[in-house]
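Subject: Handover of a structure and findings

Dear colleague,

Please find below the structure that I am handing over to you. My findings follow directly after it.

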Amino acid sequence: MLKKIFLIISLPVLFITGCTDKFDEINKDPNNPVAIETGYLLTYSEKTIMDNLRDAWFAGRGTQLLCQHWSQNNYPDEDRYLIRTETIQNAWRAFYRAAANLQQIIKMNTDEATKADARASGPNEHQIAVAMILKAYIISIITDTWGDVPYSECFNPDIRQPKYDAQADIYPQLINELKEAAAMIDPVNGNLTKGDIIYGGDVAKWKKFANTLRLRLALRMSNKDVAPLNEVKALPLSSFFESNADNAKFAYLAASPNEGPVYRAFFVDNRNDFTITKPFVELLAGRNDTLNTSKINPFQGIEDPRLSIWAYKIGGKWIGMPYGMDDGTTKAFAPNTCNYKDNPSVVHQPDFAYTFMDYAEFCFIMSEVNGWDQTWYERGIRASMEDWGVTNGEINTYLAAVPSANQENVLTQKYIALYMQPEQAWFEYRRTGFPKTLIKPGEITHRQGTTNIIFTPIVDGVTDIPNRMWYPVEEQGVNEPGYKAAVAAQGPDDLMTKVWWQE
C-alpha cells in the first residue's frame, strides 16, 4: 500500500494550489471528473511539506545555512544571506499548496455530499483533526519564516487577494485549533485507514503530536502572553510525547522517485554543495579552535558521539567548513572538508526518516518550563542520541561528563538535537539567542595564512542572524494590497525586521 500511495502522489495531478487560487476548481476535467480519496490527499500533503521543508533549496540554501548546521562548499552567496528569490517563492507556494490540500480534507469530511465517501479513509472527525494538526504545523512554519502572512481568508476561493493576518492573531488561532483537534480524537472510534505515512493512521499518536506542537507554539509566544503556555503545560504528561516511539517522522522509500530530499539532491541531482559547518563541528567536538575568543564552547573537552554519525575525519581531525566565506576562499577550502557523495552519512540515505517533531525537543521544552530542570535536560540528550543510534554506553559516558543544566546548556543541547530540523534551530536561535557559538556578521570565520577572513554578508544592514526571509517577489504583484498592508504593519520587508514573538 505504501508504494502504491507514493506512486500515485508522484504524478503531477491532485490539487496544485496556492494561497490565492481556487483549489476546488483546479485539475477538474468536466468531461471526466475524478474523485480523489482523502487518504491520498493526506499522503500528498505530508510528502509535499517534507519534500519542500528539507530540500536542497529552502533547507539546503536557506534554513540549514541560517542556523549554521550546514555551509555551502560551492556558490556560497546564500551563506552570506543572498537567498534566491526562486527559493523563497517555491517554498511559499509549496507550503500553501499543502495547507490547501489539508483544508480540502477538512471540507470533504465536513460536507454532507462527500463525508460518507470520505469515510473510506477513516472516521470523519479523525481525518478532520489530523488535517487540522498538520495544517497548524505548516502554517506555524510559514508565519515563523515570514511573520504576518495570509491565513484567515486564505482558503476562501472567492477571495483572490487575502489579507495578511498579524502573527499576534495567527498564533492564538493555531493553538486553539490544536486544542480542538486533540479534543476531537478518541482512539476508540477508530484509526485512519489510508494515507498516513507519519503514524500509519494511529490517531492516539496524532493526539500526542497535537498537544506537543501546541506546547512548542505556546512556549514560543510566551514572551508576549504566558497564559497559553500555563494552560497546556498543566495537561498530564501522558498527553504529550512519552518516548521516541511517538516521534512524528516521514520515512521515504529507497526506490526512485520517492527517495528523501537530501539523497535526491546529492545523488539524483548530482549536487555536492553542502557540508557541515566548522562552528557546529567545533561545538560537537568539544573544541574551542575558533579565532573568536569570546566564543566559549559550553561543552569544552567533551566529544559528542553524534559527531561520528554526522561528519567524518580528515587527517585524524574532525573537519567542518568555515561559515560564510567568499566564493574563491570557499572553493579553495572545499577539498579539505566532508565529501558526502563519497562518504554518505545516515541523512544521505534514500530512505531516511525526516522529523516533524520529536520527544527530545519535548524534553528540552520541559526542562526550560521547569526552571532548567536537570532530569528533563538529560532525558533530552539521551532521547536525541538514542534516536540517532548512539549506543547506551556512549550515552552514559557523555552524560557523566556533560555540565549541569542551565539556560545556555539546555538551549545549546536543544540546538544540537534539532540537527536536520533546521527551520526550528533557526527559530529557536531567534527566540533565545543560543547557541553563542554561531558566527555573526563582522566576526572572524577563518584564517588564511596570516589573513583573518571576516564573515561579511552580501546583503546590507544585516548585523545578526536574519530574523525572517523576504516575502516572495510575486506577492507584490498578485496580492499588492495584502503585501503593502503587511509591510506597513510589521516593518520593512528585510531580513532584520523581527516577527511578533521576538519583539
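Which residue just after α18 takes a positive phi? That residue is glycine 433, with a phi of about 85 degrees. Please note that this is a predicted model.

**Helix α18**

Helix α18 comprises residues 422-432, and 10 of its 11 residues are buried, so the helix is largely enclosed by the rest of the structure. The buried residues are Pro422, Glu423, Gln424, Ala425, Trp426, Phe427, Glu428, Tyr429, Arg430 and Thr432. Their packing partners are α2 (38-53), α3 (59-66), α6 (124-146), α8 (203-220) and α17 (407-417).

One of these buried residues, glutamate 423, also forms a salt bridge with arginine 54, and the closest N and O atoms of the pair are 2.7 Å apart. The pair links distant parts of the chain, since glutamate 423 belongs to helix α18 while arginine 54 sits in the loop between α2 and α3, 369 residues apart. Arginine 54 is buried, as is glutamate 423.

**Helix α7**

The 18 residues of helix α7 (residues 167-184) should span 26 Å at 1.5 Å a residue; the end C-alpha atoms are 25 Å apart, which agrees. Buried in α7 are Gln167, Ile170, Tyr171, Leu174, Ile175, Glu177, Leu178, Ala181 and Ala182. These residues cover an arc of only 160 degrees around the axis, which puts them on the same side of α7. They pack against α6, β2 (149-150), β3 (164-165), α8 and α9 (227-232).

**Further salt bridges**

Side chains of opposite charge can pair when their charged atoms come close. The structure holds 30 salt bridges, and two others deserve a mention here.

Lysine 249 pairs with aspartate 387 in a salt bridge whose closest N and O atoms are 2.9 Å apart. This pair links distant parts of the chain, with lysine 249 in strand β4 (residues 248-251) and aspartate 387 in helix α15 (residues 374-387), 138 residues apart. Aspartate 387 is partly exposed, at a relative accessible area of 27%.

Glutamate 443 forms a salt bridge with lysine 295, with 3.0 Å between the closest N and O atoms. Glutamate 443 lies in the loop between α18 and β9 (444-448), and lysine 295 in the loop between α11 (278-285) and α12 (307-310), so the pair ties together parts 148 residues apart in sequence. Lysine 295 is buried, its relative accessible area being 5%.

Finally, salt bridges that share partners join Asp144, Arg220, Glu368, Lys414, Glu428 and Arg431 into one network.

With kind regards

Terms used. Residues are numbered from 1 along each chain as its sequence is written. This is a predicted model: local features need pLDDT of at least 70, side-chain atom pairs count only at pLDDT 80 or more; totals for chains, interfaces and linings use all residues. Side-chain values use heavy atoms; hydrogens and water are left out. Buried means under 20% relative accessible area, exposed over 50%, partly exposed in between (1.4 Å probe, protein chains only). Helices (H or I, at least four residues) and strands (E, at least two) are DSSP runs, numbered from the N terminus. Contact means heavy atoms within 4.5 Å. The expected span of a helix is 1.5 Å times one less than its number of residues. The arc is that of the directions from the helix axis to the C-beta atoms. A salt bridge is a side-chain nitrogen of Lys or Arg within 4 Å of a carboxyl oxygen of Asp or Glu.
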